[in-house]
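Reader: I am new to reading protein models, and I would like to go through this one step by step. Could you take my questions in turn and explain how each answer is reached?

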Amino acid sequence: MISVEAALSGLFGLVSPLGTEQVALTRANGRVLAEDVIARRDQPPFAGSAMDGYAVIAAEARPGARFRVIGESAAGARFAGRVSPGEAVRIFTGAPVPEGADRVVIQEDVEAAGDMITLTEGLDEGPHIRPAGGDFRIGDRIAAPRRLTPADVALAASMNHPVLTVTRRPAVALISTGDELVMPGETPGPDQIVASNTFGLKALLDAEGAEARILPAARDTEASLRMAFELAGSADLIVTIGGASVGDHDLVGKVAADLGLDRAFWKVAMRPGKPLMAGKLGGVPMIGLPGNPVSAMVCGHVFLRPVIRAMLGLPARALETASARLAAPLAANGPRTHYMRAEMTPEGIRPFSSQDSALLSVLSRADTFLVRPPDAPAAAAGETVACLHI
Ligand SMILES: Nc1nc2c(c(=O)[nH]1)N[C@H]1C(S)=C(S)[C@@H](COP(=O)(O)OP(=O)(O)OC[C@H]3O[C@@H](n4cnc5c(N)ncnc54)[C@H](O)[C@@H]3O)O[C@H]1N2
Ligand code: MOO
């Protein structure tokens with residue numbers, strides 16, 4: 001058995017960043033930027049008003065001062081002239097500040113009569129002018145690689161880029177295995193169950209930026225598994241689920257080996273998830289997950305998410321853990337890293353009483369994994385532990 005850290009670094013060794021493609025801004029959210037976005041203009045491109053009011057000369061803006069209004073500057077239609085002493089220009093938010101003016105007095109601080117205005121008592125500070133280039137300047141950039149957020153999409157739009165270069169989404173083939181499996185909606189026989197792992201993993205992978213495809217479940221025969229691997233051949237990553245352990249029907253390792261798997265490792269010192277295997281099959285990275293539903297999902301978080309990130313060109317590293325205060329005492333851990341299903345409560349992190357790796361109902365209630373290192377001693381309530389928010 002190898003450590004979780006060694007397994008993850010072995011997986012990073014199997015994958016590399018994929019190529020790029022262009023996407024419209026409207027489809028860019030959540031994608032990973034592959035090329036810097038470089039501002040094509042200054043923003044704002046002119047000194048603009050931050051408020052609705054009157055543009056004047058700042059030195060003249062005193063309570064009781066009177067100005068003649070000589071024109072108007074609106075967003076999209078500037079006042080072409082110049083503001084001289086004793087003059088004001090009616091101005092609106094986002095409009096260019098006319099030459100000569102260096103202060104906007106908000107309209108709430110003004111009494112208007114015809115084309116004259118008088119400033120009232122209690123003028124605010126001002127100047128309510130946004131300088132040209134105050135947000136960004138030509139040449140400023142959004143640096144790649146970066147997972148694009150809605151704010152980034154808005155910034156790229158403002159920098160005048162309608163199309164962005166992003167990393168292609170990794171195509172992941174998901175193969176579940178087992179004679180006991182039927183698809184959701186089908187009628188299971190008495191000894192059958194409904195396949196769940198592929199659906200949970202597809203959701204997890206797609207949320208991370210991959211494009212996962214669920215292949216028909218392979219039966220517990222070598223021929224059926226071989227056919228599934230053939231169907232998966234064009235993927236960027238093959239993920240099998242189940243059949244990874246040591247039982248007579250656990251055929252994934254054998255069939256993959258027959259097909260020429262260059263195995264990187266099998267069995268990781270973690271709980272759940274021990275029978276994890278990985279390697280390269282016909283040049284395609286392959287990860288074999290254990291079949292127990294919680295084991296598969298834990299491996300999805302601990303391994304698949306960082307691997308997808310690496311394939312997207314993001315830094316190859318483990319998901320970040322946080323620290324939390326233990327709400328209840330914990331027994332000593334065994335020799336494997338334990339990812340305990342847990343919930344955050346006002347008293348701290350609390351693991352669920354049942355940690356069986358078959359219980360999806362418990363996983364669904366969990367918002368975090370309490371991560372116990374190998375051989376961690378017993379811990380008292382109030383101690384600090386590591387956790388992985390999921
Ligand atoms: N003698 C030993 N037995 C087992 C060991 C061991 O070391 N020695 N390891 C145990 C551990 S840990 C795990 S985890 C499981 C993993 O076994 P497999 O990867 O071979 O998984 P299967 O046997 O195929 O299935 C296990 C369990 O999960 C259900 N399953 C499988 N696929 C799906 C799916 N797509 N959706 C929902 N449920 C699925 C399957 O029906 C089984 O109940 O092995 C232990 N045994
Ligand atoms: O690792 Mo198994 O994944 O403990 O249930």
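**Questions on a predicted model**

Reader: Among contacts in the chain between residues at least 6 apart in sequence, what share joins residues at least 24 apart?
Author: The structure is a predicted model, and the values given here are computed from it. Leaving aside pairs that are less than 6 apart in sequence, one can ask which of the remaining contacts join residues at least 24 apart, and the share of these is 69%.

Reader: Is the chain a compact globule or more spread out than one?
Author: The chain comes to seven helices and 28 strands, and its C-alpha trace spans about 95 × 50 × 40 Å along the principal axes. For 390 residues the globule rule gives 21 Å, whereas the radius of gyration of the chain is 31 Å, well over that value, so the chain is more spread out than a compact globule.

Reader: Which helix gives the most residues to the largest nonpolar core?
Author: This core holds 80 residues, of which Val172, Ile238, Val239 and Phe303 touch the most other members. Not counting residues up to four places away in sequence, valine 239 touches Val172, Ala173, Leu174, Leu201, Ile287, Leu289 and Leu304. With twelve residues, the helix that gives the most to the core is helix 6, residues 293-311.

Reader: How many residues are in the other core, which lies apart from the largest one?
Author: The members of this other core include Ala55, Ala61, Ile91 and Ala101. The core lies apart from the largest one, and its number of residues is 18.

Reader: Which helices each supply at least two residues of the shell around ligand 1?
Author: Ligand 1 is surrounded by 26 residues, the closest being Gly242, Ala244, Ser245, Pro290 and Gly291. By type, this shell divides into ten nonpolar, 13 polar and three charged residues. The helices that each supply at least two of its residues are helix 3 (197-208) and helix 6.

Reader: How many of the residues around ligand 2 are charged?
Author: The shell of ligand 2 is made of Arg271, Pro272, Gly273, Lys274, Pro290, Asn292, Ser295 and Ser357. Sorted by type, it holds two nonpolar residues and four polar ones, and the number of charged residues is two.

Reader: Where in the chain does proline 127 lie, the residue that a cis peptide bond joins to glycine 126?
Author: Most peptide bonds are trans. The bond between glycine 126 and proline 127 is cis, with omega about 0 degrees, and another cis bond leads from glutamine 43 to proline 44, with omega near -10 degrees. Proline 44 lies in the loop between strand 3 (37-38) and strand 4 (48-49), while proline 127 lies in the loop between strand 10 (116-119) and strand 11 (129-130).

Reader: Is histidine 128 buried or exposed?
Author: Histidine 128 is placed in the loop between strand 10 and strand 11, and it has a positive phi of about 60 degrees although it is not a glycine. A residue counts as buried if 20 or more other C-beta atoms lie within 10 Å of its own. Histidine 128 has 20 such atoms within 10 Å, so it is buried.

Reader: Does aspartate 375 count as buried or exposed?
Author: Aspartate 375, in the loop between strand 27 (368-372) and strand 28 (384-389), also has a positive phi of about 60 degrees without being a glycine. The limit for an exposed residue is 12 or fewer C-beta atoms within 10 Å. Because aspartate 375 has 11 C-beta neighbours inside 10 Å, it counts as exposed.

Note on methods. Residues numbered from 1 in each chain as written. Chains lettered and ligands numbered in written order. Predicted model: local features only at pLDDT ≥ 70, side-chain atom pairs only at ≥ 80, totals over all residues. Near = placed C-beta within 6 Å. Nonpolar A, V, L, I, M, F, W, Y, C, P; charged D, E, K, R; others polar. Helix = DSSP H or I, 4+ residues; strand = E, 2+ residues; numbered from the N terminus. Core = buried A, V, L, I, M, F, W, Y, C linked by C-beta atoms within 7 Å. Contact = placed C-beta atoms within 7 Å. Rg over C-alpha atoms; globule rule 2.2 N^0.38 Å.
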